[in-house]
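Notebook open. I wanted to look up how the helices pack and how the copies meet.

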Protein chains: 2
Amino acid sequence: MREVFVAGIGITSFTRLEYPLVEIAAYPGLMALRDCGLNKIDQLYVANMGAGRVNHQTGLASAVVDNLSLTPAGADGIENGPASGASAIKQGFMAVASGLHDVVMVIGAERMREVNNLEATDFVATLTHPMAEYIYGVTLPSLAGMFTRLYMEKYGVTSRHLAMVAVKNHQHAMDNFYAHIHEPITIEGILDSPEASTNNPYVADPLRFYDCCPVSDGAACLILTTADIARKTGKPLVRLAGVGQATDTHSVADRKEPTDLLAVREAARKSFEMAGVKPSDVSVAELHDAFTILEIVESEEVGFFPKGQGHIALAEGATKLGGKLPINPSGGLKAKGHPVGATGVGQAHEIVLQLRGEAGKRQVKNAKVGFTCNFGGFGNNVVCLTFVKEK
Amino acid sequence: MREVFVAGIGITSFTRLEYPLVEIAAYPGLMALRDCGLNKIDQLYVANMGAGRVNHQTGLASAVVDNLSLTPAGADGIENGPASGASAIKQGFMAVASGLHDVVMVIGAERMREVNNLEATDFVATLTHPMAEYIYGVTLPSLAGMFTRLYMEKYGVTSRHLAMVAVKNHQHAMDNFYAHIHEPITIEGILDSPEASTNNPYVADPLRFYDCCPVSDGAACLILTTADIARKTGKPLVRLAGVGQATDTHSVADRKEPTDLLAVREAARKSFEMAGVKPSDVSVAELHDAFTILEIVESEEVGFFPKGQGHIALAEGATKLGGKLPINPSGGLKAKGHPVGATGVGQAHEIVLQLRGEAGKRQVKNAKVGFTCNFGGFGNNVVCLTFVKEK
């Protein structure tokens with residue numbers, strides 16, 4: 001198996017973007033080509049979840065490869081719900097690792113705000129089980145609300161811990177130009193003040209407004225290649241060293257213990273094993289905090305903290321910038337934004353910046369091993385990636 | 001790069017299927033597992049084009065892997081329009097070739113008839129260029145109609161040649177239990193008889209009803225694996241020896257010569273080169289005859305006949321069962337049916353049957369090299385596969 005490196009990267013702001021989806025997707029592709037000086041690719045993957053439903057478009061990858069004048073390169077669309085981005089990176093990894101292709105562009109792109117918030121929520125709910133969940137009114141926020149209540153009862157997590165995730169990630173996003181939300185918040189402001197009940201209303205009890213990620217448009221790109229080609233670009237060398245994926249039951253009710261996210265555990269294990277590193281070797285991680293509770297749980301399931309103790313590490317400051325293991329220095333889905341198909345590529349973009357030492361004010365010092373967890377459905381399809389800085 | 005073999009295969013009837021999409025997709029997966037005796041996979045790919053739009057479902061691959069009780073295997077959706085099926089096979093190829101996975105299930109599935117024919121046509125038109133084509137009322141049949149007129153004028157193809165494709169493929173489908181259409185037709189009946197104007201009306205001049213494939217539901221499956229595992233199944237050995245993909249401009253009007261399908265030419269060239277065979281080595285082929293003209297043109301562009309002479313070979317009987325190079329023994333998209341995301345896997349299913357010698361009454365004698373051409377958009381993203389019978 002050939003080793004796989006990241007050559008170039010690019011990203012748009014995660015926000016409301018008033019451009020056609022094809023142009024949103026193409027933009028970070030151009031940035032990534034310029035970033036590494038390449039002008040030709042063998043294959044393009046475009047991760048996207050909603051183009052058929054939300055943007056009246058199929059064959060998005062074919063449209064993007066033409067928009068970028070990169071024909072006759074192959075082009076395919078990858079859909080794995082909100083984990084589409086990391087799944088597309090996995091395909092890119094295999095394309096280079098197998099020897100079939102030398103230069104592979106991976107773009108994640110979504111334009112969710114073409115529809116209103118209600119319709120966007122219904123669109124994301126197409127991930128739920130159509131007969132066991134959706135017809136009973138289940139949406140992703142409602143699943144997350146029920147999950148959070150169970151987690152609180154079992155492990156002692158409180159609303160204050162959830163708010164700490166939001167405050168931390170909003171703070172991190174202040175130094176990320178491309179983040180959706182630039183709004184510093186405090187525990188006092190969103191939980192304790194008299195205005196909290198109106199500023200921070202309940203969305204799906206116990207989850208409140210500031211526990212949920214925004215609905216974002218946006219796109220990000222990684223160009224993957226061989227060691228030889230990566231070396232010639234002159235950019236700091238970042239290797240995609242571990243790729244792990246795992247699935248769990250479609251319906252959450254089918255799980256023996258719903259508070260255990262087995263697919264996260266298994267995907268992370270595979271990714272670390274393949275990379276030959278341990279969770280304790282990780283310098284910086286981007287976890288999938290579509291809801292604040294998820295950052296806490298994932299930090300446990302991937303092996304950073306013992307089960308049930310993620311909220312304690314959070315409260316001690318271990319996961320903020322400057323802490324022992326900074327999580328979501330980009331602002332995470334919570335504040336950087338969550339254009340679903342783009343998110344996994346956006347997470348990888350942040351990790352590459354960190355390992356290159358190009359993360360500016362939010363740089364994690366001496367970052368050598370980076371990790372991403374991209375969470376699909378309600379944990380029924382998870383992809384974890386491990387990146388290593390090389391000399 | 002590891003060699004990649006087909007272990008098991010499965011298929012549903014291509015027809016109107018009154019089951020949920022997830023169950024339609026899962027069924028040939030079970031058949032394929034039973035076919036080869038395996039009961040575990042490392043990864044599932046599900047090719048599908050319309051679930052988000054037509055079936056209110058995303059994360060289809062995650063749903064199918066759970067339905068088949070194959071968790072925690074990885075699962076990803078692949079979308080490349082009507083070429084999604086062969087694109088998914090390409091991903092499966094790379095997964096095994098790279099060494100990342102040993103057993104990969106590839107399913108193509110579509111349930112188009114959940115909507116009416118008008119809506120299905122609009123759904124497929126999401127492939128066209130949104131600003132250069134769709135807003136002017138362009139659909140796939142209208143593009144094909146204009147293309148056919150040009151081809152007739154340039155190369156002397158007539159309506160009679162088009163009808164010969166339909167008659168041949170309807171005849172082939174008579175011996176395919178899984179085909180959508182079991183209706184023998186004649187040139188006399190669909191062109192010359194007084195009833196022809198009502199039985200075979202114009203859809204997009206010069207294309208008539210019998211020049212267009214039906215709107216089908218259906219699914220097909222291939223299990224790909226290593227040489228060692230394939231040998232242990234005891235099934236005849238079929239190797240996926242060549243994988244070629246190429247793209248062309250999104251808008252057909254941007255092409256220098258619209259009658260040249262450059263992506264077909266390039267994808268076929270790559271596929272043959274990788275397999276180390278020539279077009280003249282091919283024993284049997286499945287080409288993408290969504291419209292009759294396409295079988296003729298593809299038979300030229302992939303290298304079976306010189307440009308502009310496909311219709312002559314057709315008229316001489318070279319491409320029918322018993323001819324020099326049988327094309328679409330399954331009945332093709334024309335009569336076997338065209339559940340868009342499933343089609344490329346269905347084509348490969350037929351080729352594997354033929355190379356195994358399991359094609360029954362439609363068996364091509366001494367079939368040793370098989371070829372498929374899966375055509376996305378209006379030729380803007382094409383995937384060609386070459387299969388070789390091994391000892």
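For helix axes I use lines fitted to C-alpha atoms over the stretch in contact, with angles from 0 to 180 degrees between N-to-C directions. Helices (H or I, at least four residues) and strands (E, at least two) are DSSP runs, numbered from the N terminus.

Housekeeping: this is a predicted model, where local features need pLDDT of at least 70, side-chain atom pairs count only at pLDDT 80 or more, and totals for chains, interfaces and linings use all residues. Residues are numbered from 1 along each chain as its sequence is written, while chains are lettered from A and ligands numbered from 1 in the order in which they are written.

Entry 1, helix packing. I checked helix 7 (residues 159–173) and helix 12 (residues 292–301) of chain A: their axes come within 8 Å and cross at roughly 95°. The two are therefore roughly perpendicular (65 to 115 degrees; under 35 is roughly parallel, over 145 roughly antiparallel, the rest oblique).

Entry 2, symmetry. I laid chain A on chain B by least squares on C-alpha atoms of residues with pLDDT of at least 70 in both. The RMSD is 0.0 Å, after a turn of 180° and a shift of 0.0 Å along the axis. The copies are thus related as by a two-fold rotation axis. Of chain A's residues, A:Ser98 comes closest to that axis, its C-alpha at 1.9 Å.

Entry 3, interface. Chain A and chain B each put 50 residues into the contact (C-beta atoms, placed from the backbone, within 7 Å). Strand 3 of chain A gives the largest share of its side, 6 residues. I also found strand 3 of chain A pairing with strand 3 (residues 74–79) of chain B, antiparallel over 3 bridges (pairing takes at least two DSSP bridges). There, A:Gly77 has B:Glu79 as its bridge partner.

Definitions and conventions: Two residues are in contact if their C-beta atoms, placed from the backbone, lie within 7 Å.
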